[in-house]
Amino acid sequence: MLTDRPGQQLSVWLDAVRQDDLPSLHILAAGIDRDIDAVTAGLTLPWNSGAVEGHVNRIKMLKRQMYGRAGFGLLRKRVLLA
């Protein structure tokens, strides 16, 4: 489902999950139902936020390396120079 991007088939998959006897998947299906539009778009559209997530991950790594000893100014300089 994640590689072929058949977002239109998500409702069929969710119905099949609800009919099975797997409580943990029922919880997953309920979570997907809460934001079905976003999940369908994520499984259908070719765009993603992978590049943004990579930058956020890099900034968090730099922040962790400083162990909270430096303020925003130093973090900003490290992000801009890295």
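These questions and answers go through the fold, core and selected residues of a predicted model.

Me: Which elements, from the N terminus on, make up the protein chain?
Reply: The protein chain has five helices and zero strands. With no strands to place, the order from the N terminus on reads α-α-α-α-α.

Me: What radius of gyration does the protein chain have, set against a compact globule of 82 residues?
Reply: The C-alpha atoms fill a box of roughly 55 × 30 × 20 Å along the principal axes. A compact globule of 82 residues would have a radius of gyration near 12 Å. For the protein chain the value is 20 Å.

Me: What percentage of the residues of the protein chain count as buried?
Reply: To count as buried, a residue needs a relative accessible area under 20%. The accessible surface of the chain comes to about 6,600 Å², and carbon and sulfur atoms hold 60% of that surface. Of the 82 residues, the buried part is 15%.

Me: Which helix gives the most residues to the largest nonpolar core?
Reply: This core has six residues: L10, L14, V17, A29, I32 and L43. Two or more of them come from each of α1 (10-19) and α2 (23-34). With three residues, the helix that gives the most is α1.

Me: Which residues are in contact with V17, leaving aside its neighbours within four places in sequence?
Reply: V17 is one of the residues of the largest nonpolar core, as is A29. Contact requires heavy atoms within 4.5 Å. Beyond the sequence neighbours within four places, the partners of V17 are L25, H26 and A29.

Me: Is G42 buried, partly exposed or exposed?
Reply: G42 is found in helix α3, residues 36-44. The class between buried and exposed runs from 20% to 50% relative accessible area. G42 has 42%, so the residue is partly exposed.

Me: How far apart in space are G42 and G7, C-alpha to C-alpha?
Reply: In sequence, 35 residues separate the two glycines. In space, the C-alpha to C-alpha distance between G42 and G7 is 7.7 Å.

Me: Is Q19 buried or exposed?
Reply: Q19 lies in helix α1. The cut-off for exposed is over 50% relative accessible area. Because Q19 reaches 69%, the residue counts as exposed.

Me: How far apart in space are Q19 and I59, C-alpha to C-alpha?
Reply: The two residues are 40 residues apart in sequence. Taken C-alpha to C-alpha, the distance in space from Q19 to I59 is 43 Å.

Me: How far apart are the mean positions of the positive and negative charges of the protein chain?
Reply: The chain carries 11 positive and 8 negative charges. Their mean positions are separated by 27 Å.

Note on methods: Residues numbered from 1 in each chain as written. Predicted model: local features only at pLDDT ≥ 70, side-chain atom pairs only at ≥ 80, totals over all residues. Heavy atoms only, no water. Helix = DSSP H or I, 4+ residues; strand = E, 2+ residues; numbered from the N terminus. Rg over C-alpha atoms; globule rule 2.2 N^0.38 Å. Buried < 20%, exposed > 50% of the residue type's maximum accessible area, 1.4 Å probe, protein only. Areas by Shrake-Rupley, 256 points an atom, 1.4 Å probe, with all protein chains shown as cover. Lys, Arg positive; Asp, Glu negative; His and termini not counted. Charge placed at Lys NZ, Arg CZ, Asp CG, Glu CD. Core = buried A, V, L, I, M, F, W, Y, C linked by side-chain atoms within 4.5 Å.
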